[in-house]
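Trainee: I would like a close look at a single helix and its surroundings. Please take me through it step by step.

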Amino acid sequence: MSITSVNPATNETIREFEPLHKQEAMQAIETAHKTFQDWRCTAFDERKKCLLQFANLLRADSDEYARMITLEMGKRISESQYEIEYCANIAEFYANGAEEFLADQPIERVEANAYLHYEPIGVLMGVMPWNFPFYQVVRFATPNIMAGNTVMVKHASNVPQCAAAIEELYNDCGLPKGVYQNLFIPSDFVESIISDSRVQGVSLTGSEPAGRAVAAQAGKNLKRSVLELGGNDPFIVLDDADLDLTIEQAVKGRMVNAGQSCVASKRFIVVEEVADQFMKGFKAKLQELKLGDPMDEETTLSPLSTEDAAAKLQEQVQSSIDAGATVVLGGDRPDREGAFFNPTILTDVTPDNPTFDQELFGPVATIYVVDDEAAAIQLANRSSYGLGGSVYTKDIQRGRRVAEQVETGMMFLNQPTRSQSELPFGGIKNSGYGRELSHLGILEFVNKKLIHLGNKE
């Protein structure tokens with residue numbers, strides 16, 4: 001079957017790509033393995049030159065790449081433009097910082113001359129999602145290329161134009177053939193690739209079921225893995241929060257990328273004292289959102305990525321309603337062409353509701369009213385996920401205390417969870433393991449080798 005690019009705003013087919021045969025995928029592994037033997041020995045300055053050129057090429061045609069994102073997965077054009085610029089920033093961050101991040105580290109407080117020496121480990125496989133089609137790939141590939149590894153990527157099947165464009169960018173920036181390869185392959189090829197002895201690690205960003213499958217295969221073959229999976233991020237509103245700011249951030253946190261972000265704010269946990277005021281303001285702001293063509297700068301809520309995604313979200317919302325949830329706003333799809341979903345607010349989602357611990361990937365917010373700070377923390381932690389979260393209060397020390405008690409990989413004060421080149425990104429529990437971005441991101445797939453030179457005199 002061909003790999004098809006469909007515009008979710010119109011459901012029209014844009015372009016089709018032919019997938020690789022199994023033998024071609026296996027040949028790609030050999031190419032990456034052979035290239036690694038030389039690439040691992042290149043100087044940081046050589047790698048840096050290529051990655052800085054990668055950033056330059058991104059910026060030179062940023063409008064075209066942004067348009068490609070919007071056409072394939074429906075992101076608002078302004079968000080797509082931001083994504084491209086962010087990718088250029090990530091490339092520059094690792095190009096300029098890799099040599100420092102991977103410098104030999106002396107080991108102190110031992111009676112020996114010893115240090116840690118960082119070395120690349122080989123061919124890596126990346127399985128990437130559609131919701132940030134350039135960013136997700138760049139944050140995986142760039143640090144590992146700078147570390148001296150070679151990478152192959154199986155991208156999501158609904159963003160093939162983005163996948164092809166990314167490979168072309170890595171090739172055009174001066175990297176040798178085989179350092180980066182895009183693989184148009186079906187999902188069932190991934191198991192064989194992970195099992196291949198020439199492949200040393202795998203990174204997946206995607207759903208929890210996909211993460212379980214990849215982790216099982218990696219574990220079976222004793223391969224390193226990094227997983228960034230789903231999230232059900234709590235958005236905690238305390239009684240002393242600045243509500244004007246909080247409501248503004250609530251809309252931003254829930255509706256980024258039409259709600260299709262693993263770190264989008266999803267569970268709004270509000271202390272009773274300010275719950276009515278928050279609900280009123282939040283609902284009013286969501287009602288102001290304008291659904292429309294994501295290429296139109298006036299559009300403030302874009303379609304979901306595919307018709308299937310919109311249909312799945314409708315099923316989840318309906319099952320929640322059938323189990324007793326109250327619809328405060330929306331709850332259905334608009335009568336128009338495209339994979340659109342109306343902004344929605346649900347309340348009365350009890351622990352026995354099927355969506356209580358599900359990730360709702362779209363513009364649907366669930367609001368919970370709690371008695372106090374302690375109850376807010378308890379409810380925030382009542383989740384199988386632990387990716388990001390945020391807390392809203394005028395008291396920084398109070399916010400810090402709450403943030404330290406919430407079981408997630410990341411917590412933000414008076415702002416939704418977000419990513420930044422310099423900050424580590426990742427979660428705990430069913431949200432996965434490992435870290436990307438920051439100096440930690442380049443250390444996931446390197447050999448941290450001990451070099452012992454003998455005892456000190």
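Mentor: Start with what packs on helix α6. In this predicted model, the cover over the buried residues of α6 includes strands β1 (3-7), β2 (12-17) and β7 (180-182), along with helices α2 (44-60), α3 (62-73) and α5 (135-147).

Now the helix itself. α6 runs over residues 160-172, 13 in number. From first C-alpha to last, α6 reaches 18 Å. That is close to the 18 Å expected at 1.5 Å a residue.

Next, burial. P160, Q161, C162 and A163 are buried. So are A165, I166, L169 and Y170. Some general geometry helps when reading such a list. An α-helix has 3.6 residues a turn, so residues three or four places apart point the same way.

Take Y170 further. The side chain of Y170 makes a polar contact with the side chain of T142, at 3.0 Å. T142 lies in helix α5, and α5 is among the elements covering the buried residues of α6.

Look at T142 from its own side. Its relative accessible area is 0%. Buried means under 20%, so T142 counts as buried. Leaving out residues up to four places away in sequence, T142 touches L51, I90, A91, Y94 and Y170. Y170 therefore appears twice for T142: as a residue it touches, and as its side-chain polar partner, with both T142 and Y170 buried.

Finish at the end of the helix. Just after α6 comes G174 with a positive phi, about 110 degrees.

Note on methods
Residues numbered from 1 in each chain as written. Predicted model: local features only at pLDDT ≥ 70, side-chain atom pairs only at ≥ 80, totals over all residues. Heavy atoms only, no water. Helix = DSSP H or I, 4+ residues; strand = E, 2+ residues; numbered from the N terminus. Expected span 1.5 Å × (residues − 1). Buried < 20%, exposed > 50% of the residue type's maximum accessible area, 1.4 Å probe, protein only. Contact = heavy atoms within 4.5 Å. Polar contact = N/O pair within 3.5 Å; in protein donor to acceptor, adjacent residues only side chain to side chain.
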